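Colleague: Could you take a close look at the side-chain pairings in this structure, and explain them with care for someone in their first year?

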Amino acid sequence: MRLLFLGDLVGRAGRSAAIEALPNLRERYALDFLVVNAENAAGGFGITEQILIELLDAGADVVTTGNHVFDQREALVFIERYDRLLRPINFPAGTPGKGAGLFKTASGKEVLVINTMGRVFMADLDDPFRAVERELDACRLKTGADAILIDFHAEATSEKEALGYFVDGRASALIGTHTHVPTADQRILPRGTAYISDAGMCGDFDSVLGMDKEEPLSRFLTKIPTGRFAPALGEATLCGVGIDVDDATGLARAIAPLRLGGRLSQTEPKFWLPDTETS
Ligand SMILES: [Fe+2]
Ligand SMILES: [Fe+2]
């Protein structure tokens, strides 16, 4: 099974680039399943129903989020109407929406997606380790799902690696989001789970984490806010990872970064390309 995950869409630059690219990416790699983190899709803060609909129409199977999920207040209401929009599972009991779901691919395979959030240098949520374990116990690889993908929205690489090893052999992939900067540590863990500390953002990299660089820079220099954070609007780089899942085991065979457009060095998962393109 071929899974593609794209990291945090930031503002119009990241959102438009992703919406335009999704149909092409699905076709180019013959994807079975596509997940996008869109917690910063609406002006850098949260997601609107309109944006969610555009992402689903463009070919996203599931949209994950993180700490910014409810920055647009309308999300508190419409999240209840969309199974395909997830918020971190370890939010307090009673928070609108869901943190996990089982989804069917076009070929009839079932994919469990879990969205969870870290607690190191972040809000004091419920334990993400126990929250993920409850889901994995309820829906095991191969008996409950053909593939299991976890979006771990977290700040600290230590917490991300620890959760990666905690789920190793029990999930197809654990993908970090939130820092907006792609890491170079993608690998298959010893028991077969694909891992990366951060997929990176889909947004304009001529920026500070996707935001126009003037205001963040000025706040570091003076500690005085002079305006609002606004997303940078230059050409976006799409950042994510492709994961090739072994249909027999549900574990990962390969993971590779995808970076297309904009300012970052370009790369894509070569194991999905025809030989003519890789030679
Ligand atoms: Fe983000
Ligand atoms: Fe975040």
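Modeller: What follows deals with the salt bridges and then with the cysteines.

This is a predicted model, in which local features need pLDDT of at least 70 and side-chain atom pairs count only at pLDDT 80 or more, while totals for chains, interfaces and linings use all residues. Residues are numbered from 1 along each chain as its sequence is written, and side-chain values use heavy atoms, with hydrogens and water left out.

Side chains of opposite charge can pair when their charged atoms come close. The structure holds 17 salt bridges, a salt bridge being a side-chain nitrogen of Lys or Arg within 4 Å of a carboxyl oxygen of Asp or Glu.

One of them joins the side chains of R28 and E268, with 2.8 Å from N to O. Because R28 lies in helix 1 (residues 11-28) and E268 in the loop between strand 11 (252-260) and helix 7 (275-278), this pair ties together parts that are 240 residues apart in sequence; helices (H or I, at least four residues) and strands (E, at least two) are DSSP runs, numbered from the N terminus. R28 is partly exposed, at a relative accessible area of 37%, whereas E268 is buried at 15%, where buried means under 20% relative accessible area, exposed over 50%, and partly exposed in between (1.4 Å probe, protein chains only).

Another salt bridge is formed by D247 and K109, at 4.0 Å from N to O. This pair also links distant parts of the chain, since D247 sits in the loop between strand 10 (238-245) and strand 11, and K109 in the loop between strand 4 (100-104) and strand 5 (110-117), 138 residues apart. D247 is partly exposed, with 37% relative accessibility, and K109 is partly exposed as well, with 25%.

R263 pairs with D206, the closest N and O atoms being 3.6 Å apart. R263 belongs to the loop between strand 11 and helix 7, and D206 to the loop between strand 9 (194-196) and helix 6 (214-222), so this salt bridge ties together parts 57 residues apart in sequence. Here R263 is exposed, at 60%, while D206 is partly exposed, at 29%. Elsewhere, E161, D185 and R187 are joined into one network by salt bridges that share partners.

Turning to the cysteines, the structure holds zero disulfides, a disulfide being a pair of cysteine sulfur atoms within 2.5 Å. The sulfur of C202 has its closest cysteine sulfur in C239, 6.2 Å away, which is too far for a bond. C202 is buried, at a relative accessible area of 0%, and C239 also counts as buried, at 0%.

Methods
Chains are lettered from A and ligands numbered from 1 in the order in which they are written.
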